[in-house]
Amino acid sequence: MSLFDEPTTVLPVSYYPEFLSKEEADKLYQHCQELQWKQNQIRMLGKTMPVPRLECIYGDEGCDYLYSKSVLLKPLPWTQELALLRDLITAATGYKFRIVIGNQYRSGQDSIGWHSDNEPSMGFNPAIASLSLGSCRKFQIKAIGGRPTDFWLEHGSLLVMHPGSQSTHLHQVPKTNKVVSSRFNLTFRPHTGGQR
Ligand SMILES: O=C(O)CCC(=O)C(=O)O
């Protein structure tokens, strides 16, 4: 096989495995256990079913977030810990955020399927920063029509999806039959109320 058989894939993401120290990540994991998690219902293909993970949302007042035309998330006010983390991520990336959506994966059977985060409320070409805490899970990203690249999202890591990525790429956290304990994921997002 020659070096030229596989084209190099340049992904519109950056991954920082040790964005937080172990101590900072442990503290934030504990804080996440106290957040207001909800079992939301999603409507797909004419059926209503539970979302396969728990969700929460915190952010600026009025920054409601509707996804898949069926799940409406209404932000609670920022906790001090989440606001500090938002500011830390903004200082590191230069991107500004108005909401954070949390995902709680209780076991390997909790997941999020292939999707892009292209909801109009985030405006044109949003940057999304995704912080992981707890069990390591596989995150896959692929160009639409392309092959997936895997990242193993570690405790305290940050994955940044840069502007444009939601138009060209899909991502997912697939189910796994391996025994994995709880994982929290916090996705910091902009909110423009639909203005581009
Ligand atoms: O849990 C993750 O790492 C990804 C979450 C995600 O894809 C999303 O919230 O849109």
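This report looks at the ligand site of a predicted model and at one residue of a strand that helps to form the site.

**Where the ligand sits**

The ligand occupies the largest pocket. Around the ligand there are 13 residues, and N103, Y105, H115, H171 and R183 are the closest. Sorted by character, the shell holds 5 nonpolar, 5 polar and 3 charged residues.

**Strands that build the shell**

Four strands deserve a look here: β7 (99-105), β8 (112-115), β13 (169-173) and β14 (183-189) each contribute at least two residues to the shell around the ligand. With 4 residues, β14 provides the largest share of that shell.

**Polar side chains at the ligand**

The table lists distances from polar side-chain atoms (N or O) to an oxygen atom of the ligand.

| Residue | Distance to a ligand oxygen atom |
|---|---|
| N103 | 3.0 Å |
| Y105 | 2.6 Å |
| R189 | 3.1 Å |

How much of the ligand's accessible area does the protein cover? On its own the ligand has 300 Å² of accessible area, and the protein covers 97% of it.

**A look at Q172**

Strand β13, which supplies at least two residues of the shell, also contains Q172. Is Q172 buried or exposed? Its relative accessibility is 11%, and because the cut-off for buried is under 20%, Q172 counts as buried. The side chain of Q172 also has a partner: a polar contact of 2.6 Å links it to the side chain of Q140.

Technical notes: Residues are numbered from 1 along each chain as its sequence is written. This is a predicted model: local features need pLDDT of at least 70, side-chain atom pairs count only at pLDDT 80 or more; totals for chains, interfaces and linings use all residues. Side-chain values use heavy atoms; hydrogens and water are left out. A residue is near a molecule or strand if one of its heavy atoms lies within 4 Å of it. A polar contact is a pair of N or O atoms within 3.5 Å; within protein, one must be able to donate a hydrogen and the other to accept it, and residues adjacent in sequence count only if both atoms are side-chain atoms. Accessible areas come from the Shrake-Rupley method with a 1.4 Å probe; for residues, only the protein chains shown count as cover. On a 1 Å grid over the protein atoms alone, a cavity is a set of points where a 1.4 Å probe fits but cannot get out, and a pocket is an open set with protein on both sides within 12 Å along at least five of seven lines; lining residues have an atom within 4 Å of a point. A molecule sits in a cavity or pocket if more than half of its atoms lie within 2 Å of its grid points. Ala, Val, Leu, Ile, Met, Phe, Trp, Tyr, Cys and Pro count as nonpolar, Asp, Glu, Lys and Arg as charged, and the others, Gly among them, as polar. Buried means under 20% relative accessible area, exposed over 50%, partly exposed in between (1.4 Å probe, protein chains only).
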